[in-house]
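Colleague: I'm still learning to read models like this one. Could you take a close look at any empty space inside, and then walk me on from there?

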Amino acid sequence: MGDQEFRALQSAYYDSLHIDRGFKAHEMVERFELGFREYVGAEHAIAVNGGGTGLDIALAIAEVGPDDEVISCAINFHGTHLAVLGRGSRLVLAEPEAPSLNISPTHLEALLTPRTRAVVVTHMNGHPAKIDAIEKVIHEYSDSQKTRPIISIYDACRACGAEYQSEKIGSRGSMTVFSFQSKKIITTLGEGGMIVTNDQAFARRAREIRSFGLGRAWGSNFKLTKIQAAVGQVQLGKLNALVNRRRQLALQRNSILGRCDALVLPTDGPNDRCSYNLYTLLLKGPKSPEARTYVMHALEELGIGCVVANEPTWKSNSYIANLVASRNNPVAEDIGSRIFCPSIHPLMTDDENAYIANAIAEACEKIEGRS
Ligand SMILES: Cc1ncc(COP(=O)(O)O)c(C=O)c1O
């Protein structure tokens, strides 16, 4: 935690000793919400205690229920799919595109049915999904079928500060959910989240659900604390710099790894800016799963952290595997067996970053030499 965050925390703490505003969001939280909605360019922002609970709330607002289908990309964070299954709805798994790992708008279109109530689109690892194509497909289908509108919920938990078509993620779609958990781009003391929307009714409902229904509806307690909000406000001021530094590191890695034929490197779409919450590499070729084990082991030996983010969710979560009976996602299976994400962090120096990239390159060159 930096000095500024500590001072914000201290002042919020002293403030909290004197002021009791009951169940209403404290003005510290309101200030953070205002700053956040101005930053992303959305009409409303509702602070909550996590990205996962933000998704739960968004799906409740969409009134997704047991008779409904919800489409989401098979390559995903498992919590995103648990939010769908928690509503008792049918989770329909779409194929991803490489190298972004984001949902394919073409496959999404093929999966729409009159029972589709919502789509949950994750901006995987900080790479903006093709929002315009997704919105077009959804609206054209709703219009042609004259069904109730399909709600688009964007999971931007790893995409805080990312840009789609030169606009910050969060300004388009029905609702967007962010996370401030400790591994994310900015954090509010380890946990926290934000829902943003341009729809006044959705915003009103989110505020009700967050805070015991505000005396007029069902709700529970999903509130962010004022102390977290004070820290979040300071972190928000650093967000652009944090994303810029992640992007510099990613660029430096790409230039070192450009020599590796075995790798597909992460790139931005035209006018997009990935937040690089994770730096995602894909191995090429039929022996990719074995090669990945080799490379990850080589990095581990050098003390370089590396995760697989993410395989199709049914692989990491048996609850999801049991509930998603029909799976036909060969593309997701294939991509999932080739992904690996060596750690990236804005506090890394250029030298540390070059050390990591050279270690990846050397491991990949050994694989190429072996095949
Ligand atoms: C893509 C994605 N969605 C949802 C979540 C859930 O967010 P939280 O941990 O704030 O509940 C996370 C991270 O944890 C995530 O990476």
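Modeller: Start with the residues around the largest cavity: Ile131, Tyr164, Glu167, Lys168, Ile169, Gly170, Ser171 and Arg172 line it. Keep in mind as you look that this is a predicted model. How is that lining made up? Its residues split into three nonpolar, two polar and three charged. The volume of the largest cavity comes to about 30 Å³. If you search the whole structure, you find one cavity of 30 Å³ or more. The idea behind such a search is simple: a probe the size of a water molecule, rolled over the atoms, shows where empty space is left.

Now move to the open kind of space, the pocket. The largest pocket holds about 1,200 Å³ of space. Which residues should you click on to find its centre? Of the 48 residues lining the largest pocket, Gln181, Ser182, Lys183, Lys184 and Asn277 lie nearest the centre. Sorted by type, the lining of the largest pocket has 18 nonpolar, 21 polar and nine charged residues. You can also sort the lining by element: helix H3 (51-61), helix H4 (78-86), helix H8 (226-257) and strand S12 (306-307) each bring at least two residues to it. H8 makes the largest contribution, with five residues.

To place that pocket in the whole chain, you need the domains. The domain assignment splits the protein into domain 1 (3-236) and domain 2 (240-370). The contact between them draws on 39 residues from domain 1 and 41 residues from domain 2. Measure from one C-alpha centre to the other and you get 25 Å between domain 1 and domain 2. So why can we say that the largest pocket lies between the domains? Because domain 1 and domain 2 both give residues to its lining.

H3 is a handy landmark for the next stop, Gly65. You'll see Gly65 in the loop between H3 and strand S2 (69-73). Is Gly65 buried or exposed? With a relative accessible area of 11%, Gly65 is buried, since the cut-off for buried is under 20%. Look at what sits around it, too: leaving aside residues up to four places away in sequence, Gly65 touches Arg87, Gly88 and Ser89. A little further along the chain comes Arg90, which is 25 residues from Gly65 in sequence, and their C-alpha atoms are 8.8 Å apart.

Carry on to the loop between strand S3 (90-94) and helix H5 (105-111), where you'll find Pro99. The peptide bond that joins Ala98 to Pro99 is cis, with omega at about 0°. Leu101 belongs to the loop between S3 and H5 as well. What is phi of Leu101? It is near 75°, a positive value in a residue that isn't glycine. Leu101 has a relative accessible area of 0%, so this residue counts as buried.

There's another cis peptide bond to look at, between Ala309 and Asn310, where omega is about -5°. Asn310 sits in the loop between S12 and helix H10 (313-316). And there's another positive phi: Phe212, not a glycine either, has one of about 50°. Where does Phe212 lie? Look in the loop between helix H7 (200-210) and H8. At a relative accessible area of 40%, Phe212 is partly exposed.

Last, let's check the cysteines. A disulfide is a covalent bond between the sulfur atoms of two cysteines. The sulfur atoms have to be within 2.5 Å for a pair to count, and by that rule the total here is zero disulfides. Take Cys260: the nearest cysteine sulfur belongs to Cys364 and is 4.9 Å away, and Cys260 is in no disulfide. Cys260 is buried all the same, at 4% relative accessible area. Why is Cys341 not bonded to Cys306? The sulfur of Cys306 is the closest cysteine sulfur to that of Cys341, but at 7.0 Å it's too far for a bond. Cys341 counts as buried too, because its relative accessibility is 1%.

Notes: Residues are numbered from 1 along each chain as its sequence is written. This is a predicted model: local features need pLDDT of at least 70, side-chain atom pairs count only at pLDDT 80 or more; totals for chains, interfaces and linings use all residues. Side-chain values use heavy atoms; hydrogens and water are left out. Buried means under 20% relative accessible area, exposed over 50%, partly exposed in between (1.4 Å probe, protein chains only). On a 1 Å grid over the protein atoms alone, a cavity is a set of points where a 1.4 Å probe fits but cannot get out, and a pocket is an open set with protein on both sides within 12 Å along at least five of seven lines; lining residues have an atom within 4 Å of a point. Grid points are joined across faces, edges and corners, and a volume is the space filled by probe spheres set on the points. Helices (H or I, at least four residues) and strands (E, at least two) are DSSP runs, numbered from the N terminus. Ala, Val, Leu, Ile, Met, Phe, Trp, Tyr, Cys and Pro count as nonpolar, Asp, Glu, Lys and Arg as charged, and the others, Gly among them, as polar. Domain bounds come from an automatic or database domain assignment. Contact means heavy atoms within 4.5 Å.
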